[in-house]
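Colleague: Hi! I'm new to this one. Could you walk me through it?
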Amino acid sequence: MSHVAQGRGKYGFIAGFLFAPLALYLTFVIWPYVQTFGYSFTNWTGQSPTFDFVGTDNYAALLKDEVFRGALWHNLLLLVFVPLVTILLALFFAFMVNAGGRGGAGGVQGVGGSRFYKVVYFFPQVLSLAILSVLFGAIYRSDEGGLLNGFLTKLGLIDANHPVEWLNEPNLVLWCLLLVVVWHGVGFYLVLFSAAMQSIPKDIYEAALLDGAGRAQTFFKVTLPLLWDSVQTSAVYLGIAAMDMFVLVSTMTSGQFGGGPDHHSEVMSTVLMRNFLYFGKSGYACAMGVVMLALTMILSVITLRATRRERIEF
Amino acid sequence: MSMGSIGEGLGRRDLIKRSAALGLITVPTMSFLSACASGGAENSTKGPAKAPVTKENPFGVAKGGKLDVVVFKGGFGDDYAKAWEAAFDKKWGTTSSHLGTQEITAKLQPRFNAGNPPDVIDDSGAQQIKLDVLAKGDQLADLTAVLDAPSLDDPSKKVRDTLVDGAYEQGLQGGKFVVLKYVYAVFGFWYSGKLFKEKGWAPPKTWDEFLAVCTKAKEAGIGGLAHQGKFPYYINVVIMDLIAKKGGLDAVKAIDNLEPNAFEGSAAALAAVEAVYEVVEKGLLMPGTNGLTHTESQTAWNQYKAAFIPSGSWLENEQLKQTPEDFDMKFLPMPLLADSKMPLEAIRAGVDEPFIVPEKAANKAAALEFLRSMLSREWSTIFAQQANSLTVVKDGVDPGVKLRPGTQSAVEALKAAGGNTFSYRYPDWYSEMDTEIQNASNELMAQRIQPKEWIKRAQAAVNKAAQDPNAKNNKRS
């Protein structure tokens, strides 16, 4: 058999294996995207199979849509704060749990009771977002029956007749939601970073210890550089979560698919859903979907590029 | 229950289901449906042999057939349907099968597609199959025959003459009567008869009296008005009803018909919004009520933490478990502003809970007879007792029957209202406008905007809706 024929046979063999998954992927992943893209140029209502082609009208309207622009701004705000706060907290806890303690024999270990903390920190991750929204709904409840309000009233910090309407305050609502996301995420990233930290050879720490490095120095000079890959991945994941936020916003805040009060907690996905299912503007909603897809992709590329640095091997 | 669940959104799962259904499945289903349609003719013989049509049996129900009933098991439960089926089986010797479920679409879509749908369906709840979709697919049987059949209570009358206003119009799809909306709801304030008796408060007739009771409540250490703040739909009931009663039906039509002076320049609208705002300004709201869900605020009200709450007549059944035995729930028509055009007794009333018969039902005759029976006073009373709600049958509850206090007071209010009922269409016609007005109301209740700003925002929402292509078709006179 000639070289060429052999090559063809090999590629044919591989292609045979690739064809089925590729076809499935194209049908169920790529094709819906293409469809969404197509629908975004129509005035489809979502309730009927007939629609007209309207060109780029939807995109032009999107540029003028203040609600959507506000939502985009909120997403960007979350995009900065969700990864930043979550990763910083997770890194801090992970470091304390794994390398923050000072054992009597000079070994590297976590603070006392670190095994216990590791398990406890992971708890929030076990809860689904639906349960979480009920749980925090009770915490943020706007009358004195709410955990926060009850607590603050008992302390005499707020008047029982004027409780804080946490999720109904335009300036508080987004931060209240941010807290839930961070609370939920820290445990998982703590475990992720812990795993990464445990794979760092102990002798590096011991060497640092012998050289007289303190906790902060050990962290910034040894741990963080060696964890950079994990941090980078986490940032992308958290960034994507910050671009979504649908479940929490739609269940916890007021309005059809959430976003209240008066659009102050609106994110792109809630605006999209409201237009898609409630206002019967599905073509318009598809245009939003396309914008979200584009933004998410740009975001991932930027994050991976911007955080690229030399890989440290050990 | 569809009316009570107005504020609850659809999950993303539904979006996926729907977009999958629309985007991927429509094409294959269409051919599948047409295949069924063409094969349907042979299937129609599988039903029971038809009995001769008589005056007592206008649809020719054959004795001893089968009847397949599916009902939405929501706020009204499904005990009423079981009682109906037992009564039906007894009379016609049929064997009924019963399914009470919340997953209407999941359970029924495959059956519609396969051409073997049930005979009677209560197509309600968050997962209802959209009625316009069914109607366009020719899946709904024409129910005009039921309207024209003699009423069971008085054979000299046609069924259509025993229905409340609006039941016919709101059952039309493309000009054909295919949906029987069975539940009749009245809207207004609710209070505890026990609390009012204890405190010696009289149910207010005017807005000033209403404010006075709220003030007394505040002095007694409880909230005046509670509302379902997370869903501003409910406080809009108060605002809109005040507008209607002060400005008369013309004010209602001006809003529904999207007129340029529906809110701006309307004295009735400004007076109504200012009246509601007065409650806020004077601190007569139950503390924290602006952020509560419907169940949270209603439960607080059931715990005597507020004097009044606005809602529709599904409230009693919705709160059944949270209501103390001696609470003595009472309905209160919206109190009057000065110089109101409508009388105190006037109330907002609407129909809901759609019952349908599929075009391809195996036992259509029995299904139509079932619907005719539903519109009898006997079955209507069963519903009022089991589901604690009114039906579209005029005067449809046996006066000798003991109802729960809330339902009883709603029946009395309805009787007192007589022809003085009104309803708004804009929430069904223009959901975007409705949402924007709700947002404005939420801001008003939180004291972040003033009545004048509310009027401005509401009018802007109206003007925006006027650009909707449907605005031409949605006119009322």
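Modeller: Happy to; here is a short tour of some helices, strands and single residues. Please keep in mind that this is a predicted model.

Colleague: Good to know. Let's start with chain A: at what angle do helix 3 and helix 7 of chain A cross?
Modeller: Helix 3 of chain A covers residues 66-99 and helix 7 of chain A covers residues 173-198; their axes cross at roughly 40 degrees and come within 7 Å. That angle is why helix 3 of chain A is oblique to helix 7 of chain A.

Colleague: And is that crossing of helix 3 and helix 7 of chain A left-handed or right-handed?
Modeller: The crossing is right-handed. As for the residues in the contact of helix 3 with helix 7 of chain A, 22 are nonpolar, six are polar and none is charged.

Colleague: What about helix 8 and helix 9 of chain A, how do they pack?
Modeller: Helix 8 (residues 202-210) and helix 9 (residues 215-244) of chain A have axes 11 Å apart and an angle of about 165 degrees. Angles over 145 degrees count as roughly antiparallel, so helix 8 and helix 9 of chain A are roughly antiparallel to each other. Helix 8 of chain A also passes helix 9 of chain A in a right-handed crossing.

Colleague: Nice. Where is the cis peptide bond in chain A?
Modeller: Look between Gly260(A) and Pro261(A), where omega is about -5 degrees. Pro261(A) sits in the loop between helix 10 (246-252) and helix 11 (268-278) of chain A.

Colleague: Over to chain B. Do strand 1 and strand 2 of chain B pair in the parallel or antiparallel sense?
Modeller: Strand 1 (residues 66-72) and strand 2 (residues 95-101) of chain B pair in the parallel sense, over seven bridges. One bridge puts Lys66(B) opposite its partner Thr95(B) in strand 2 of chain B. Between the two strands the chain runs through helix 2 (residues 79-92) of chain B, in a right-handed β-α-β crossover.

Colleague: How many aromatic pairs are there over all chains?
Modeller: The structure holds 52 over all chains. Among them is the stacked pair of Phe189(B) and Phe210(B), 4.8 Å centre to centre with 5 degrees between the planes. Because Phe189(B) lies in strand 6 (residues 180-192) of chain B and Phe210(B) in helix 7 (residues 207-219) of chain B, the pair ties together parts 21 residues apart in sequence.

Colleague: Last one: where is Asn388(B) found?
Modeller: Asn388(B) is in the loop between helix 14 (377-387) and strand 11 (390-391) of chain B. Its phi is near 50 degrees, a positive value in a residue other than glycine.

Technical notes
Residues numbered from 1 in each chain as written. Chains lettered and ligands numbered in written order. Predicted model: local features only at pLDDT ≥ 70, side-chain atom pairs only at ≥ 80, totals over all residues. Heavy atoms only, no water. Axes fitted to C-alpha atoms, helices over the stretch in contact; angles between N-to-C directions. Helix = DSSP H or I, 4+ residues; strand = E, 2+ residues; numbered from the N terminus. Parallel < 35°, antiparallel > 145°, perpendicular 65-115°, else oblique. Left-handed = near helix turned anticlockwise from the far one by under 90°. Nonpolar A, V, L, I, M, F, W, Y, C, P; charged D, E, K, R; others polar. Pairing = 2+ DSSP bridges. Right-handed = clockwise from strand over helix to strand, strands pointing away. Phe/Tyr/Trp six-rings, centres within 6.5 Å; stacked < 30°, edge-to-face > 60°.
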